[in-house]
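Here is a quick tour of one part of this protein. Have the structure open and follow along.

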Amino acid sequence: MRDIHVAIGMIAFFAILGAAYAMRSLLAGRVRHARIDAHGSSLFLNKPAMEMVYWLLEPMISFIAALRITPNMVTLFALLPALGAGVAIGFGCFGIATLLATLATFCDIIDGLLARKTGLSSEAGEVIDAAVDRYGEFFLFAGLIYYYRAHDQCLFIVLAALAGSFMVSYATAKAEAMGMPAPRGAMRRGERAAYLIFGAAFTPIFKTLFHNSPSLALNELPIILALSIVAVVTNISVVQRLMAVAAALRARESAAKSARDAAAASVDPAVEDVIVTKRDTPVGV
């Protein structure tokens, strides 16, 4: 029963937060954020939802900075609740996993805000942040794999979601490594986290309501539905991203070839026919 109480508490927290931000938006307008405007929204996670979370966390940044906590400290700390969320969900404690996964996600947002506020942004910090993000996401999926180890269909969905999630990140990293702008698409890490967190939050309620039902799909519908959406959309997004990267690379190669051909065509043929010989040098000099 403790797990469902935590789940209900998390649902109530997000409901109150949403109502508070909606009221704030009506009275004073939405809270715009440069990072959100730069990255944009998608079909599965809109700007008001992201603005709401940033609005909640922004006041904490000055307090955290005053404690001399660095962005890397926040980044590395996020591993602890992420690992805890994976362990909790592995043993079926979806409510506790929701709380810990939310804390890990908030840390992932705070470290970036803190880095910009304190002027401590660095490429080394981005590398650490990216690595922690991958481990944190893996912990949650590892817990789901362990939990559904005896259910083949659900296990397949989890593995498909895991593959798609990591391939989305790979497609972005590959584009950046090739000197291309990162392709836009659905199911970035924040979206995946939102779907899995909300799926986990509602699962204890369904398990309580339908505890007499022999159907696993009915008992755990929220998390299975969230995983299915992540599995399908991430893999579609991967194909779209890789196609966009491939098309951009082909266009760049074609432009480079055209430039070389134009440069070759501009050379004067008369100059090409000139034979350059070694200047005669007197013997004995």
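## Helix 5 and what it packs against

Let's start with helix 5, which covers residues 79-90. Keep in mind that this is a predicted model. The helix is 12 residues long and spans 16 Å from its first C-alpha to its last, close to the 16 Å expected at 1.5 Å a residue. Right after helix 5 comes a backbone detail to look for: Gly92 has a positive phi of about 80°.

Which residues of helix 5 are buried? They are Pro81, Ala82, Ala85, Gly86, Ala88, Ile89 and Gly90. These buried residues pack against four partners: helix 4 (71-77), helix 6 (94-118), helix 7 (123-147) and helix 9 (189-209).

## A buried acid in helix 7

Next, go to helix 7 and find Asp133. Asp133 is buried, and yet it has no salt bridge. Its nearest side chain of opposite charge belongs to Arg189, 4.0 Å away.

What else does Asp133 touch, once neighbours within four places in sequence are left aside? Asp133 is in contact with Asp108 and Arg189, so click on both when you look at this spot.

## The largest cavity

Now for the empty space inside. The model has three cavities of 30 Å³ or more, and the largest of them holds about 170 Å³ of space. Its lining is made up of 13 residues, and those closest to the centre are Thr105, Gly136, Glu137, Leu140 and Arg189. Arg189 should look familiar, as it is one of the contacts of Asp133.

Which helices build the lining of the largest cavity? Helix 5, helix 6, helix 7 and helix 9 each put in at least two residues. Helix 9 gives the most, with five residues.

## The second largest pocket

Pockets are worth a look too. The second largest pocket has a volume of about 170 Å³. It is lined by Leu57, Met60, Ile64, Met73, Val74, Phe77, Leu103, Phe106, Cys107 and Ile110.

Helix 3 (47-66), helix 4 and helix 6 each supply at least two residues of that lining. The top contributor is helix 6, with four residues. Helix 6 also supplies at least two residues to the lining of the largest cavity, and the buried residues of helix 5 pack against it.

Methods:
Residues numbered from 1 in each chain as written. Predicted model: local features only at pLDDT ≥ 70, side-chain atom pairs only at ≥ 80, totals over all residues. Heavy atoms only, no water. Expected span 1.5 Å × (residues − 1). Buried < 20%, exposed > 50% of the residue type's maximum accessible area, 1.4 Å probe, protein only. Contact = heavy atoms within 4.5 Å. Lys, Arg positive; Asp, Glu negative; His and termini not counted. 1 Å grid on protein atoms, 1.4 Å probe; cavity = no way out; pocket = protein on both sides within 12 Å on 5 of 7 lines; lining within 4 Å. Points joined across faces, edges and corners; volume = space filled by probe spheres on them.
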